[in-house]
Amino acid sequence: MKIKKNDPGKVLSLGKDARGNDVYALSVKGERGMVYRLVDSFLGMYGIGENELSLVDSGAGDNFYLLAGLFFHRFHLLAPLGRYLIFTGLRKHYGRLSQLTVDVQSRSGKSSLTAESKL
Amino acid sequence: MKIIYHCYGGAHSSVTAAAIHLGLLPENRVPTREEICAVPLYDRQEADEHGHFFFMGKDQAGHEVYLTARRSRPEVLENIFTGLAGIFGISADDYYLVNVMGEVNLTMKLGGFLSRRWGVVRVGRPIVSMGTQAAYFQMVKLVQRVKSKVGGYGENPVFQPKHLSAGRSGGGDSHGTPDGGGETGQKFLEPDVFEDQKK
């Protein structure tokens, strides 16, 4: 999925999970804390219950390959190297990611929405 | 409707614009530095509060006025707000995001940097309030544009003499400022602006 220059913060719908929860992706572009406060505050402002949305930081455990891949991917000529490093990083990170989703699913049985934030 | 003023640190320009909007600062003259510094939240917000929406009050048309800090990423705030509003079925007519950074001058940036980033409040605050005075009428114009856009302010949304008359509280004033407007007729909110603050 390609995120364009002005897209950070855009909430992208990814579909529904097996329990009917809506799943979204959100790029936070290095502003993790601020994004958490924005979302929290938004929910409070409109009186939306905290159970309605669960924000999961999927980028907290990003490894070196992923970060290097993201860096190289910015440059046109080095993009293939960046992609290779990203795939390598994802493969290494996959177990942790799948464990994260299992934890989230077990936690969010009743919630209707799940947003996953990613650096 | 919720009107949300946002700027880099949510400490100066957005606070000033929200205060003008609510009639806490006059529209027809540049306020003194003391008046500016007396506005709740002016030069107060810290970095770990960025992203939080602070409720400043209700204006005379019943619109709720908020402010927030979004650092150098207005697009993040706008995208998240729009995205969440879409998810929860909140109409685009129910909120209005106003970027105040366009009215910020170099003096404000320098003073704000010294006061908020470096913590040299004694030096930074006078500089940033001086910058606020210099940019004041630009902010007044911005607020007037916002008011004319959101509507609900009667015949003349731009000029509101009831906020300027000495020592009177406006009859239709709904933002519930405490009585005792003082000689200038300016009224300041009590720290109930923190009611919405995250514990």
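Q: Before we start, what does it take for two residues to be in contact here?
A: Two residues are in contact if their C-beta atoms, placed from the backbone, lie within 7 Å.

Q: Okay, so how many residues of chain A are in contact with chain B?
A: In this predicted model, 21 residues of chain A are in contact with 20 residues of chain B.

Q: Which helix of chain A gives the most to that side?
A: That's helix H1 of chain A, residues 32-45, with ten residues on the side that touches chain B.

Q: And how do the residues on that side of chain A divide up?
A: Eleven are nonpolar, four are polar and six are charged.

Q: What ipTM and pTM does the predictor give the complex?
A: The ipTM is 0.79 and the pTM is 0.77.

Q: Let's switch to chain B. How many helices and strands has chain B got?
A: Chain B has six helices and four strands. Starting at the N terminus, the order of its elements is β-α-α-β-β-α-β-α-α-α.

Q: And chain A, how many helices and strands there?
A: Chain A has three helices and four strands. Read from the N terminus, they go β-β-α-β-α-α-β.

Q: What share of each chain is buried?
A: For chain B, 45% of the 199 residues are buried. For chain A, buried residues make up 20% of 119.

Q: Back to chain B's strands. What order do they take in the sheet?
A: The four strands of chain B make an open sheet in the order S2-S3-S1-S4, and the pairing is mixed.

Q: Which strands stand at the edges?
A: Strands S2 (54-58) and S4 (95-99) of chain B do. Each has a single partner strand, so one side of each is left without a neighbour in the sheet.

Q: How much does the sheet twist from one strand to the next?
A: The average is 25°.

Q: Do S2 and S3 of chain B run parallel or antiparallel?
A: Antiparallel: four bridges join S2(B) to strand S3 of chain B, residues 64-69. One of the partnerships is Phe54(B) with Leu67(B) in S3(B).

Q: What packs on the sheet?
A: Helix H1(B) packs on it, touching strand S1 (2-7), S2 and S3 of chain B, and the direction of H1(B) makes about 150° with that of S1(B). H3(B) packs on the sheet too, touching S1, S3 and S4 of chain B, with its direction at about 175° to that of S4(B).

Q: What's in the turn between S2 and S3 of chain B?
A: Those two strands form a hairpin with five residues between them, and Gly62(B) in the turn has a positive phi of about 90°.

Q: How does S3(B) pair with S1(B), parallel or antiparallel?
A: Parallel, over six bridges. Ile3(B), for example, has Val65(B) in S3(B) as its bridge partner.

Q: How much of S3(B) is buried?
A: S3(B) is mostly covered, with five of its six residues buried.

Q: Back to H1(B). How many of its residues are buried?
A: Nine of its nine residues are buried, so H1(B) is largely enclosed by the rest of the structure. Among them are Ser13(B), Val15(B), Ala18(B) and His21(B).

Q: What comes after H1(B)?
A: H1(B) is followed by Gly23(B), whose phi is positive, near 80°.

Q: Which residues touch the most others in the largest nonpolar core?
A: Ala18(B), Ile80(B) and Met139(B) touch the most other members of that core, which has 54 residues. As background, nonpolar side chains tend to be buried together in soluble globular proteins.

Q: Which residues of chain A is Ile80(B) in contact with?
A: Gly9(A), Val11(A), Val35(A), Leu38(A) and Val39(A), leaving aside neighbours of Ile80(B) within four places in sequence.

Q: New topic: what's the mean pLDDT of chain B?
A: The mean is 81, and 77% of chain B's residues reach 70 or more.

Q: Which elements of chain B have the highest and lowest mean pLDDT?
A: Helix H1 of chain B (residues 13-21) has the highest, 96, and helix H3 of chain B (residues 74-87) has the lowest, 92.

Q: Where does pLDDT stay under 50 in chain B?
A: Over residues 159-199 of chain B. For that stretch the model has 72 contacts beyond four places in sequence.

Methods
Residues are numbered from 1 along each chain as its sequence is written. Chains are lettered from A and ligands numbered from 1 in the order in which they are written. Ala, Val, Leu, Ile, Met, Phe, Trp, Tyr, Cys and Pro count as nonpolar, Asp, Glu, Lys and Arg as charged, and the others, Gly among them, as polar. A residue is buried if 20 or more other C-beta atoms lie within 10 Å of its own, exposed if 12 or fewer, and partly exposed in between; C-beta atoms are placed from the backbone. pLDDT is the predictor's confidence in each residue, from 0 to 100. A nonpolar core is a set of buried Ala, Val, Leu, Ile, Met, Phe, Trp, Tyr and Cys residues joined through C-beta atoms within 7 Å. Two strands pair if DSSP finds at least two bridges between them. Axes are lines fitted to C-alpha atoms, for helices over the stretch in contact, and angles run from 0 to 180 degrees between N-to-C directions.
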